[in-house]
Amino acid sequence: MLNKIIQELQSKANSEKSKIYQKFFKTGKGDYGEGDVFIGLTVPEQRSLAKKYVDLQLSEVKILLSNKIHEYRLTAFCILVYKFEKADEEEKKEIIDFYLKNIEWANNWDLIDCIADKLLGRYLLDKDKSVLYSFAKSNNLWKKRIAIISTFEFIKNNNFEDTLKISEILLEDKHDLIHKAVGWMLREVGKRNLKIEEDYLKKHYKNMPRTMLRYAIERLDRDKREFYMKK
């Protein structure tokens, strides 16, 4: 089955799209995605293959995850999401343990944004969330992004506490990808409870990186946006 999914991934390769993706995902020297290799598949194509090969063994998923080709890794992570959706509690724990042991392969933002809330966030919804705080306090860019994006699942369930706490941990982070992720999650909080978002903003807006603030206030009315941006 592993050979079959690899053959199908390769059959959908698109050299023109791969060139675009190489630039879009910052794969140049010194960039956050340095060395990442793309073959040009779309996300819907990868999700479709992941559903088709959802019964791939975890040992085979690991082989896909550890491949230098980006689309192999995203497809592998999507397989984990689809496995998780139909798993019982014991199987879910096995999948999450596998995910955490192979977290190093989530090394670009789409490998996190398409996966973390649907996998780790969903699993931790009613469980201890200390792993997210550990990730948020780490020196690893991708673990920090996983920490905040995983809370999207909590937000969808109107549980905002961990998003706000992790946002505070990441408030002084220097990386633009963290600024964008935190601002995005704060905006999602505001969609569901504007007062909670504004209480957070009033406390922190003067110290928030401008990109983070801009993302957070995107849906506010013009007067409020101008007020916050005039810090």
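These are my notebook entries on some helix packing and salt bridges in this structure, which is a predicted model.

**Entry 1: H5 against H8**

I started with two helices that touch. Two packed helices are described by the angle between their axes and the distance between the axes. For helix H5 (residues 70-85) and helix H8 (residues 116-124), I noted an angle of about 35° and axes 9 Å apart. Next I looked up who makes the contact. From H5 I wrote down Leu80, Val81, Phe84 and Glu85, and from H8 I wrote down Lys118, Leu119, Arg122 and Tyr123. Sorted by type, the residues of this contact give five nonpolar, three charged and no polar.

**Entry 2: a salt bridge across that contact**

Side chains of opposite charge can pair when their charged atoms come close. I checked the charged residues here and found that glutamate 85 and arginine 122 meet in a salt bridge, 3.8 Å from N to O. This pair links distant parts of the chain, with glutamate 85 in H5 and arginine 122 in H8, 37 residues apart. Are the two partners buried or exposed? Glutamate 85 has 48% relative accessibility, so it counts as partly exposed. Arginine 122 is at 31%, so it also counts as partly exposed.

**Entry 3: salt bridges inside one helix**

How many salt bridges does the structure hold? I got 23. I picked out two more of them.

Lysine 19 and glutamate 16 pair up at 3.7 Å, N to O. They sit three residues apart in helix H2 (residues 15-24), which means about one helical turn separates them. Both lysine 19 and glutamate 16 are exposed.

Lysine 191 and glutamate 188 form another salt bridge, with their closest N and O atoms 3.0 Å apart. Both lie in helix H13, again three residues apart, about one turn of the helix. Their surroundings took me a second look. Lysine 191 is partly exposed because its relative accessibility is 42%. Glutamate 188 counts as buried because its value is 5%, and the cut-off for buried is under 20%.

I also noted that salt bridges sharing partners join Glu85, Asp117, Lys118, Arg122, Glu153 and Lys156 into one network. Glu85 and Arg122 are the pair from Entry 2.

**Entry 4: the buried side of H12**

Last, I turned to helix H12 (residues 161-169). Which of its residues are buried? My list reads Asp162, Thr163, Leu164, Ile166 and Ser167. I then asked what these buried residues pack against. The partners are helices H9 (130-136), H10 (141-150), H11 (152-156), H13 (176-192) and H14 (194-204). H13 is also where I found lysine 191 and glutamate 188.

Technical notes: Residues are numbered from 1 along each chain as its sequence is written. This is a predicted model: local features need pLDDT of at least 70, side-chain atom pairs count only at pLDDT 80 or more; totals for chains, interfaces and linings use all residues. Side-chain values use heavy atoms; hydrogens and water are left out. Axes are lines fitted to C-alpha atoms, for helices over the stretch in contact, and angles run from 0 to 180 degrees between N-to-C directions. Helices (H or I, at least four residues) and strands (E, at least two) are DSSP runs, numbered from the N terminus. Contact means heavy atoms within 4.5 Å. Ala, Val, Leu, Ile, Met, Phe, Trp, Tyr, Cys and Pro count as nonpolar, Asp, Glu, Lys and Arg as charged, and the others, Gly among them, as polar. Buried means under 20% relative accessible area, exposed over 50%, partly exposed in between (1.4 Å probe, protein chains only). A salt bridge is a side-chain nitrogen of Lys or Arg within 4 Å of a carboxyl oxygen of Asp or Glu.
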